[in-house]
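Got your viewer open? Let's take a short walk through this model, one selection at a time.

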Amino acid sequence: MARYSSVDSTQDHDGAVPARRGRIALLAGCAMAVAAFGPYTSVAGVRTEQVVVYGVGAAALLSTRWTGMRLSRAAVLVATLLAGEIVIAVVGTLVPVVDLSPYVVGSVLPGLDNLILPLVVLASVWTLLAAGADRDRLLRVACRVVVLAMCANTVVAYLSQLHDLTPLLARFWDNTVDAGDASTGTVAGNAAQLGRFTGVFNQPAEAGEMYSIALLAAIYLYRAKSVRLVLAGLLLGIGGVLTISKVFLLVGLPIAVWQLLRVSTQRGRRLTLLATGIFAVAALAESGIGPDWIGGGFLDRLLHPGDSSGLLDLYTGGRIGGVSSLHLVSDAVLHNSPWFGYGAGGLAAPYDNGWIEALAVAGLFGVALYTGILLVLAAGWLRRHALMSEAQARLAGGLIVLAAGASVGLPALTANRVATVMWLLLALVLLSEPLAVPRAVPVEREVPVPVEPAGVRSGVGAHAA
């Protein structure tokens with residue numbers, strides 16, 4: 001009996017090791033999601049997110065678990081395209097061009113970080129899954145972190161109208177600017193003076209994309225829980241409106257509304273609760289309770305653009321149409337180094353567009369690579385959505401459309417913080433093995449014809465004879 005007891009104990013011990021390893025991998029993935037909302041560290045220009053993501057990536061590289069990764073064709077292509085842009089940017093940095101433009105070359109390290117971080121996130125997630133992390137559970141945990149963090153960010157953004165939270169929020173915006181100068185020396189500080197409150201994010205466009213991701217994540221998580229979905233949706237919607245981000249208003253919000261209408265479970269109850277919540281929020285705003293929102297005038301202009309001379313200029317924030325702010329940067333690159341750009345540093349100018357950033361750091365080849373990444377993601381979704389559950393296919397498709405649409409207003413695939421969350425979710429829901437078995441398709445089953453044993457047949461024959 002002792003012998004059998006020893007064998008059972010060994011089996012339990014052997015089974016506990018993969019389980020413990022899976023829990024550690026799950027915690028590491030959760031840490032990456034949480035860190036995306038963390039402040040800057042005491043080191044100038046270094047965010048908590050970078051420390052955690054590169055730390056997890058280094059641990060993944062040192063482990064042997066990455067050898068067990070199973071990648072789809074889309075995953076390999078996306079990683080190759082990301083690596084290709086990094087190589088071109090590095091070569092452009094080592095062999096700089098003669099700059100005849102009115103701009104100066106930007107900082108190399110931040111530029112490299114923008115390009116490398118997405119690839120590190122992908123490799124880390126793949127290694128964590130190979131180490132035993134439950135993909136479905138990690139996806140739910142990451143979505144829950146994003147939804148809760150952005151709901152909390154809405155509260156912070158609202159309170160920043162009542163109290164001056166700049167000394168606290170400056171730690172999240174930019175640690176190279178003194179807290180006393182953050183109200184005028186940061187993008188978020190200047191935006192707040194116009195009534196655009198972003199919470200912990202330094203740019204309204206970045207906050208708008210993150211609110212959009214959070215809305216899609218909330219629809220995925222609470223698709224069968226109407227009350228939670230409506231409460232989360234209202235908080236996230238209010239937060240997105242407070243940013244007055246066109247990425248949220250014109251891209252993320254329409255995608256979320258479309259998905260909300262497409263979810264079949266409890267549709268009537270959900271729409272009733274949503275309409276009631278919107279009416280209550282509107283009534284509260286009109287009652288005069290709470291602070292006067294100085295950003296209402298700009299939002300009203302977006303909603304009633306009849307007096308605006310250039311609609312394209314209005315809805316793209318001057319990026320497209322009229323005297324485009326992007327023309328100057330693109331012209332500088334195309335006249336000096338059209339094919340390979342200026343290297344990882346790019347130009348010390350606001351890009352406000354994913355393709356313009358790719359053009360600045362890697363030239364026309366970079367534009368082709370950036371476009372190729374979006375096309376590969378779309379093709380991967382078309383090939384694999386039938387192998388995914390309906391909810392996961394909806395989430396993946398929404399993220400891809402959001403990434404493409406948001407790229408008009410910011411580098412959606414490389415922007416600080418938000419790119420980490422975008423790639424984390426894409427890696428889990430699309431760029432790894434399917435989370436679910438193929439959807440059930442009714443097929444005809446072949447009913448086997450019973451065959452009589454030979455002995456019975458011979459007995460019958462003998463009896464007949």
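Start by selecting Arg394 and Glu390: their side chains meet in a salt bridge, with 3.3 Å from N to O. Keep in mind that you're looking at a predicted model. Now show helix α17 (residues 390-406) as well, and you'll see that this pair sits four residues apart in it, about one helical turn. Residues three or four places apart in an α-helix point the same way, because there are 3.6 residues a turn. Which partner is buried? Arg394 is, with a relative accessible area of 15%, whereas Glu390 is partly exposed at 47%.

Next, jump to helix α5 (residues 135-162) and pick Arg140 and Asp136, again four residues apart. Their side chains form a salt bridge too, 3.3 Å from N to O. Arg140 is partly exposed at 33% relative accessibility, and Asp136 is partly exposed at 28%.

Now select Asp113 and Arg47. Here the closest N and O atoms of the salt bridge are 3.8 Å apart. Asp113 is in helix α4 (108-130) and Arg47 in the loop between α1 and α2, so the pair ties together parts that are 66 residues apart in sequence. Both residues are buried. Add Glu49 to your selection: Arg47, Glu49 and Asp113 are linked in a network of salt bridges. How many salt bridges does the structure hold? Four.

Last stop: helix α18, residues 418-429. From first C-alpha to last, α18 reaches 17 Å, close to the 16 Å expected. Try showing its surroundings: twelve of its twelve residues are buried, so α18 is largely enclosed by the rest of the structure. Among them are Trp423 and Met422.

Methods. Residues are numbered from 1 along each chain as its sequence is written. This is a predicted model: local features need pLDDT of at least 70, side-chain atom pairs count only at pLDDT 80 or more; totals for chains, interfaces and linings use all residues. Side-chain values use heavy atoms; hydrogens and water are left out. Helices (H or I, at least four residues) and strands (E, at least two) are DSSP runs, numbered from the N terminus. The expected span of a helix is 1.5 Å times one less than its number of residues. Buried means under 20% relative accessible area, exposed over 50%, partly exposed in between (1.4 Å probe, protein chains only).
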